[in-house]
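Please open the structure in your viewer and keep the sequence beside it, so that each stop on this tour can be selected in turn.

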Amino acid sequence: MSEKVAVDKKSNSSREKLISSAEALFAERGFDGVSVRDIAKMAGVNSALIRYYFKGKEGLLSEVYTRLCEPLKRERQRLLTEYSQEKGGPTLEKVIEAFIKPSLEVTTDKNGRSGFTRLRAILSAENSALLEQLVAENFDASSRMFVGALKRCLPKLSRDEIFWRFHFLLGATYYTGAGPQRIRILSAGRCDPSNPKAATRHLVTFLAAGFRAESTQSPPRPAKKVARKKTRLAG
C-alpha cells in the first residue's frame, strides 16, 4: 500500500469518526451542549481536524444533518413515485404513508427510537436559527412536493389549510419518533413503539381523518342586499 493511500484512508477514517461522534453527541445534548473537544475526544482524534474538515462545529452539524436527511428524502420520493403510478394516482392515505413511513422505518432502531428525530427535537428546543436554515435547505423542496400531492387529493381545501394540516402531520410524526417510550408506559406495554409498521398504520388512519375534516376557514359572507330606492318620475 502506498504512503498516499494509507494517509487518505486514515484521513477518511478520522473524518467519519468525527461525523459519527458528533451525531451521537448532538442527539444527546443538542448543539450548544457539545464542545469541539467533546466530539474530538469521543472520536479519538485531534480537535483541530474539525476545523480542517468542516470549518468548525456548525459545518460538522450541517454534514451530520444532511447525511441523515438523504436516505429519508430518497425513500419518500421513491414511495410517492411508486404510489403515483397507480391507476387514478395516489390516495390520500398513500401520500401520507409515503411521507411518514420513511420517518419511522428508515431512521428508527430496534427499540423504536429515531436518533434523527431525537436530534431534530433537541435542536428545536434550542430554538436554533442554524436548525431552521438546515431544515429549509434539506426539506423545503420535498415538503412542497408533498403539500402539492395532498392538495391534489383534497382540492376543496385551500393551500393554506393544507399547510396547517401538514404542519400538524410533522408534529405527530416527530413526537412519535422522538418519544416512543411514552405510549409504552401509558398503555402498560400494550402498544409497542419498536414496531414502526404498526405506528405508521395508526398514524396514517389518524392523519387522513384530520386532513379530511371540514375546512376551518370562515365561509365568505353573503353579499348584503341593497334595497333599491323607488324613484318618482317627473311629469
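Begin by selecting E63 and R67, which both lie in helix α4 and are four residues apart, about one turn of the helix. Before going further, please keep in mind that this is a predicted model.

**Stop one: salt bridges around R67**

With E63 and R67 still selected, show their side chains: the two residues form a salt bridge in which the closest N and O atoms are 3.0 Å apart. E63 counts as partly exposed, at 23% relative accessibility. Salt bridges that share partners join R15, E16, E63 and R67 into one network, which makes R15 and E16 the residues to add to the selection next.

Look then at R67 and E16, whose closest N and O atoms are 2.8 Å apart in another salt bridge. Because R67 lies in helix α4 (residues 57–84) and E16 in helix α1 (residues 3–29), this pair ties together parts that are 51 residues apart in sequence. R67 is partly exposed, with a relative accessible area of 36%, and for E16, also partly exposed, the value is 36%.

Now select D38 and R29, which form a salt bridge with 3.3 Å between the closest N and O atoms. D38 is partly exposed at 27% relative accessibility, and R29 is partly exposed at 38%. In total, the structure holds nine salt bridges. As general background, side chains of opposite charge can pair when their charged atoms come close.

**Stop two: K55 and the aromatic cluster**

Select K55 next, in the loop between α3 (48–54) and α4. The phi angle of K55 is near 65°, a positive value in a residue other than glycine, and as a rule most residues other than glycine have a negative phi. Is K55 buried or exposed? With a relative accessible area of 73%, K55 is exposed. Then select Y52, Y53 and F54, which form one aromatic cluster.

**Stop three: helix α8 and an aromatic pair**

Move on to residues 159–178, which make up helix α8 and number 20. From its first C-alpha to its last, α8 reaches 28 Å, close to the 28 Å expected at 1.5 Å a residue. Colouring the buried residues of α8 would pick out E161, I162, R165, F166, L169, L170, A172, T173 and G177.

From that set, keep F166 and add F99, for these two residues are both buried. A search of the whole structure finds seven aromatic pairs, and one of them is formed by F99 and F166, which meet edge-to-face at 5.1 Å centre to centre with 70° between the planes. F99 lies in helix α5 (residues 92–105) and F166 in helix α8, so the pair ties together parts that are 67 residues apart in sequence.

**Stop four: the largest pocket**

Which residues lie closest to the centre of the largest pocket? Select R120, V135, H167, L170 and Y174, the closest to the centre among the 22 residues that line this pocket. About 560 Å³ of space lies in the largest pocket. The elements that give two or more residues to its lining are α6 (115–125), α7 (129–153) and α8, and the largest share, nine residues, comes from α7. If you colour the lining of the largest pocket by residue type, it divides into 11 nonpolar, six polar and five charged residues.

**Stop five: the second largest pocket**

Select T176, I183, D192, P193 and A199, which lie nearest the centre of the second largest pocket, itself lined by 22 residues. The space in the second largest pocket is about 390 Å³. At least two residues of its lining are supplied by each of α8, α9 (181–186) and α10 (196–212), with α10 giving the largest share, six residues. By type, the lining of the second largest pocket divides into 11 nonpolar, seven polar and four charged residues.

**Last stop: A188**

Finish by selecting A188, which is found in the loop between α9 and α10. The phi angle of A188 is near 55°, a positive value in a residue other than glycine, and at 64% relative accessibility A188 counts as exposed.

Technical notes: Residues numbered from 1 in each chain as written. Predicted model: local features only at pLDDT ≥ 70, side-chain atom pairs only at ≥ 80, totals over all residues. Heavy atoms only, no water. Expected span 1.5 Å × (residues − 1). Buried < 20%, exposed > 50% of the residue type's maximum accessible area, 1.4 Å probe, protein only. Salt bridge = Lys/Arg side-chain N within 4 Å of Asp/Glu carboxyl O. 1 Å grid on protein atoms, 1.4 Å probe; cavity = no way out; pocket = protein on both sides within 12 Å on 5 of 7 lines; lining within 4 Å. Points joined across faces, edges and corners; volume = space filled by probe spheres on them. Nonpolar A, V, L, I, M, F, W, Y, C, P; charged D, E, K, R; others polar. Phe/Tyr/Trp six-rings, centres within 6.5 Å; stacked < 30°, edge-to-face > 60°.
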